[in-house]
Every structure is written in C-alpha cells, then in structure tokens.
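This report describes selected features of one protein model. Please consult the sequence and the coordinates alongside the text.

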Amino acid sequence: MGTNRNKLLVISMDALGAPDVSFFKELPGFKRFLETASYCFNVSSVYPSITYPAHTSIITGCYPKKHGIVNNLRRQFGTPSPDWFWQRMFIKTTTLYDEALNAGMSVASFLWPVTGKSRITWNMPEIFANRPWSNQILTSLNNGTVTFQALMQKNFGHIRQGRSQPALDNFVMECLKWTLEKKQPDVALVHLTDVDSQRHLHGTRSQEARDAIVRHDARLRSIFETLERAGLYHNTNIIVLGDHYQKDTVKAVHVNYWFAQKGWITMRGNAIHQWQAYCQNCDGSAYVYIRKGCGHIKDEVRELLDALAADGDSGIEQVIGGKDAAAMGADPHCSFMLEARDGYYFQDSVNGPERSVAFSEGLPEAEKKPDPSSIPMHATHGYFPGKPGYQTVFMASGPDICENVEIPSMCLVDEGPTMARLLGLTLPEADGRVLTSIIKPQE
Ligand SMILES: [Zn+2]
C-alpha cells in the first residue's frame, strides 16, 4: 500500500456557497488556507443540484445521467420509507477512490454519499436506518468497514446524537483526525453537513448557518493541526469544496395531488395503490415519470403541467421535456422535469397541503407521523445550477497546487478529473476537464 505521491484530503462542506465567501474568508482557518490556495468562487452544481447526485459528480467527473445517481432517493414510489442511493453498486462509472485503490493506494471515507459496500479501505458510509426494524449502528456497520467502524464507535460514539448537528460533524471530525494520524491514508474523503442542516432548518442567511460556518472554520484549523502533528501537512494536497448552495423557501408544491385528481394515482388508505404518472421531488426541482405502457397520457400530463406553470401561485416555474432534462445531465428516463419558482420546493405527497400524512400505512399507530420531507423547510437545494446567487465553491492548496490562481468558472464535474491528476490517475469516462491552470507542472 502507498505511493511516493503526495496525499489527497477532500473536505466537502455541504451547502457552502459563493454567497458565503465574504464571510468565511475573514475567519482564521479559511484565511490561512486561502493565503496559498487556488480557488473558484463560481462553481456550478449539477442538475438536480442535490447532495447524492452532486457528490457522485464530484467523485466521478460525470453528470448524473452518466453516473446513474439521478436523485437522493431511489424510484420506490409508494414505499413507506424509500431507500436512498446508498451503495457503490448504483454508480455506473468508475470513481476517484476506485482508481486510487486500483493503483494500490489506501482510501479512508467518512459519510461520503453512495459509498456503501464499496472497496474503500476504511469506510464509514452515510446510511440512515430507514426501516422501523433496522438499527442505525448495525445498518452502518454492514455497509462499511466493520472493525474500523466498531473502533470509531467505541472511541468516539459518545459524541454522536443520531443525525443531529453539530454533534454528527463533531463525531465525524474525531474519526477523521484519528484516521489521518494513525492510518495515514493516501486519499481521505469527508462529508460535513452542519451548514446544510442549519440552512434547511433556519434559512440560508440565518445566524445558525453562520454559526455552522464558524464551526467549520474551527474544524478546518483542527485538521491542519492534526496534519502538522503527524508530519503530513507538507505532503498533503487539501481540497475544500461545496456541492450546491441553498435558496430560501416558504411553500411546498404537491404535483401528485393533481395527478391523483386526474386518476393517474390511486390510493388505498394513505398508501399508493397504483400510479400511471408520478412526480418525484428533488426539492427545488422534480422529475415526472410516466409508467411504462401509459404513454397515451403523456400529452395530457404535459397539458396539466403547462396549465399549472401558467398559474403563478402553483410554484412551478418551468416544465422541461425529458430530452432537454437529459441534455442538462439529469435522468434520461424522466418524461418531464419541473423547476420550482423562487420560494417554492416540491414534495411527493398525494394528499396535498392539507393532509401531508406520510405513506405510513401498515405501521403501528405510534409510528404514524408526518412525512419528514413535508415538515416545512426554510431553505433547500435541487434548483437549476445556473440560477443567480446559487453557485458553490472550490478551493485547493498543497505541494502540487499553484498558489492563488483564480478559476473564473467551472462545474462540479471538473473536480474528479483534477483530483485524479493530482494522484497521477485519470477518470477516462469523465465529462469534466482537468483544471490544469492550478496544478504545478511535474518534473
Ligand atoms: Zn448537499
């Protein structure tokens, strides 16, 4: 294991965006990092701009259409608690970590999306226990490196409080720092969600979101200290990136309510019995799928969607045809894609705004609760990546990276190929380009 090459550490700060730059660049950790870093403060996410597609685009260099992670959730319509795209097997292309492992490098990963049951050397995947009968710790253990996770749980498990922040990121940070020091992986990936969580709960410009950025700054400084103590700071290329920004929201759009009115979705109690057309949310955008064999309703579905979009109060800004959605990198299997107006986001609920009870049919009475996604969010993501003020950031500093080069604009898909180049590897299927202007020429 190992190479003579410099190491790579990728720190993903979920929902950190270009509008945050003026604030974080004055904080001590970010300030120190930016003294030498090359950077882009105008990074476009992918469409839909949500966490799992975005992180998979970062790590593969491909748009969702090609890598296959087209949403956070899989297409399990009507299932009480659908699965997320948790496992590596759902990614249809190679990844940065697979190429690194193939080259004999060691890889550590902490809550990086879609890494479940991957070959990663030390892996703590992001998986939630989403069935009433499944236990969080066992679910995570089964999908990652068992002995490593058991050790992390034993050492640092007391810090964690389920999925609540900032305890989750604090737990992840202790695991990361321990691993950097004790295992010295060639490649380390970490996904921190404190800022994303605070924005969903309190809004993009909330004090809580700012406090989370200040906590990220302290986390960054503690990573630098750990690398210095381990004698690794001088030979580690460090990348700090975001996956999307967020937009403030006040209202949810329930397209499936209209589909049910038309008879395209039928219910049995609170559960979906049958569907011909279904709207699956990606928060700020949504996919509309028409079931195989139901192509005859497509024109009528389009008519309804166009009528809704023409009504300013419906919350639908634009109806995008399936081919155009695919050309934008989204799921080629959708019939339509919907973009939300400012202040709106989509939900899957069939019952409309009045009765947003989850598909909890069949669960004991005590377990029946509102769909978590139907709890009003103060901000969210998923919108068209080109929307103004919605871009994210990319910053890189280290022995192989030029100092203070500004990249005017780029896309998430450029990050994988660039990180691969830093490791002396390539991602042959990548849609993105290597950011050669920030990489020092090799002797
Ligand atoms: Zn995210």
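The sections below treat the basis of the model, the metal site, the strands and the aromatic contacts.

## Basis of the model

The model is predicted, with local features requiring pLDDT of at least 70 and side-chain atom pairs pLDDT 80 or more, while totals for chains, interfaces and linings use all residues. Residues are numbered from 1 along each chain as its sequence is written, and side-chain values use heavy atoms, without hydrogens and water.

## Zinc site

The zinc ion has protein donors from Asp-14 (OD, listed twice), Thr-51 (OG1), Asp-243 (OD) and His-244 (NE2), at 2.0 to 2.5 Å. Donors are N, O and S atoms within 2.8 Å of the metal (3.2 Å for Na, K and Ca); water is not among the atoms, so sites may look incomplete. Along the chain, the spacing of the donors is D-x36-T-x191-D-H. Asp-14 belongs to the loop between strand 1 (7-13) and helix 1 (21-24), and Asp-243 to the loop between strand 6 (236-241) and strand 7 (247-254), so the pair ties together parts 229 residues apart in sequence. Helices (H or I, at least four residues) and strands (E, at least two) are DSSP runs, numbered from the N terminus. Both Asp-14 and Asp-243 are buried, that is, under 20% relative accessible area with a 1.4 Å probe and protein chains only.

## Strand 1 and its partners

In strand 1, 7 of the 7 residues are buried, so the strand is largely enclosed by the rest of the structure. Lys-7, Leu-9, Ile-11 and Met-13 point one way, and Leu-8, Val-10 and Ser-12 the other.

Strand 1 runs parallel to strand 6, with 6 bridges between them; two strands pair if DSSP finds at least two bridges. Leu-8 is opposite Asn-237 in strand 6. Strand 1 is also joined by 6 bridges to strand 5 (residues 187-192), again in parallel, and Met-13 faces Leu-192 there.

## Aromatic contacts

Across the whole structure there are 17 aromatic pairs, where rings of Phe, Tyr and Trp (its six-membered ring) pair if their centres lie within 6.5 Å. The ring centres of Phe-33 and Phe-224 are 6.0 Å apart and the planes stand at 25 degrees, so this pair is stacked (planes under 30 degrees apart). Phe-33 lies in helix 2 (residues 28-36) and Phe-224 in helix 10 (residues 207-229), so the pair ties together parts 191 residues apart in sequence.

Conventions: Buried < 20%, exposed > 50% of the residue type's maximum accessible area, 1.4 Å probe, protein only. Phe/Tyr/Trp six-rings, centres within 6.5 Å; stacked < 30°, edge-to-face > 60°.
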